[in-house]
Amino acid sequence: MSEILSQSQIDSLLSSLTSGVKEMDQPEQGTGKKIKDYDFRSPKLFTREQLKLLYSIYENYARILSSYITGILQTYTLVEIIEVEEQQYYEFNNALPDSVLMGIIDFAVKEDHNEEDLVLLDFSEDIGFCSIDRLLGGSGKPLEVDREYTEIELGILEHLLKGMVNLMKNVWFDYLEIAPRLLKLETNARILQGIGADENVVIVVMNILVNETQGKLNICIPA
């Protein structure tokens with residue numbers, strides 16, 4: 001037999017109906033659980049385990065890169081991974097300055113039928129000019145004047161980035177057989193093509209320290 005409501009319960013129910021608001025139990029406070037907003041219009045495509053795996057891969061890449069750049073520039077260099085996060089491509093692209101040094105990379109994944117498996121590598125301007133100065137016999141100081149790279153400077157940096165890109169196959173070897181190659185350098189972030197604005201990407205953010213010059217290295221991997 002169903003439970004019979006008391007008069008006070010009936011009055012409370014009628015009151016909530018007439019006001020258009022139904023009384024609900026308040027959630028317990030102090031449970032320690034954090035609630036994060038989820039946008040169903042742009043669902044996440046990478047699991048937490050996949051992001052952890054990418055972090056591990058590029059943490060190893062950072063160590064190899066430190067040794068490589070130290071050998072090329074003949075000066076102390078430290079590369080450290082900061083974070084790996086998923087976002088949409090337009091968020092990454094909008095955060096870039098108009099003038100950049102962007103390496104367009106073809107990952108060339110074996111047994112993948114896509115014409116090109118594009119990955120982007122964004123190289124900090126401070127580190128770029130610092131590397132040029134060091135490679136040309138200087139002490140490795142960043143350029144104080146804000147200007148674009150010359151054709152000769154781009155040629156010097158292209159040689160450096162080709163070596164950096166080639167090292168990626170070493171850290172992916174246990175998971176994926178790739179033959180990455182640098183297709184070209186781009187200095188304007190607004191005309192980059194090949195990745196849709198709403199496409200999900202993973203951004204690997206690294207910090208580079210060359211002597212006392214500090215900058216960022218961002219790797220953008222489409223889903």
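**Close-up views of a predicted model**

**View 1. Strand S6 and its antiparallel partners.** Strand S5 (residues 200–210) is joined to S6 by ten bridges, and the two strands run antiparallel; strands count as paired if DSSP finds at least two bridges between them, and the elements themselves are DSSP runs numbered from the N terminus, helices being H or I runs of at least four residues and strands E runs of at least two. This is a predicted model, in which local features need pLDDT of at least 70 and side-chain atom pairs count only at pLDDT 80 or more, whereas totals for chains, interfaces and linings use all residues. Residues are numbered from 1 along each chain as its sequence is written, and side-chain values use heavy atoms, with hydrogens and water left out. Within the pairing of S5 and S6, Met 206 has Leu 217 as its bridge partner. The two strands form a hairpin with two residues between them, and Asn 211 in the turn has a positive phi of about 55°. Strand S3 (residues 118–123) is also antiparallel to S6, to which four bridges join it, and here Leu 120 stands opposite Cys 220. Because eight of the ten residues of S6 (residues 213–222) are buried, this strand is largely enclosed by the rest of the structure; buried means under 20% relative accessible area, exposed over 50% and partly exposed in between, with a 1.4 Å probe and protein chains only.

**View 2. Helix H4 and its packing.** In helix H4 (residues 125–135), the buried residues include Ile 127, Gly 128, Phe 129, Cys 130, Ser 131 and Ile 132. The buried residues of H4 pack against helix H2 (48–73), S3, H5, S5 and S6, where contact means heavy atoms within 4.5 Å. Just after H4, Gly 137 takes a positive phi of about 100°.

**View 3. A salt bridge between strands S2 and S4.** A search of the whole structure finds four salt bridges, each defined as a side-chain nitrogen of Lys or Arg within 4 Å of a carboxyl oxygen of Asp or Glu. Asp 106 forms one of them with Arg 181, with the closest N and O atoms 3.7 Å apart. This pair links distant parts of the chain, since Asp 106 lies in strand S2 (residues 99–106) and Arg 181 in strand S4 (residues 181–188), 75 residues apart. Asp 106 is buried, at a relative accessible area of 5%, whereas Arg 181, at 45%, is partly exposed.

**View 4. Salt bridges at helix H5 and at Arg 147.** Lys 162 and Glu 158 meet through their side chains in a salt bridge of 3.9 Å, N to O; both residues lie in helix H5 (residues 151–166), four residues apart, about one turn of the helix. Lys 162 has a relative accessible area of 46% and is partly exposed, and Glu 158 counts as partly exposed at 28%. In another salt bridge, the side chains of Arg 147 and Glu 153 meet at 2.7 Å, N to O. Arg 147 is partly exposed at 31% relative accessibility, while Glu 153 is buried, with a relative accessible area of 12%.

**View 5. A nonpolar surface patch.** Leu 53, Tyr 175 and Leu 176 form a nonpolar patch on the surface, with about 250 Å² of accessible area together. Patches are made of residues with over 30% relative accessible area and no salt bridge, like charges being joined within 9 Å and nonpolar side chains (Val, Leu, Ile, Met, Phe, Trp, Tyr) within 5 Å; accessible areas come from the Shrake-Rupley method with a 1.4 Å probe, and for residues only the protein chains shown count as cover. Leu 176 sits in the loop between helix H6 (168–172) and S4, and its relative accessible area of 32% makes this residue partly exposed.
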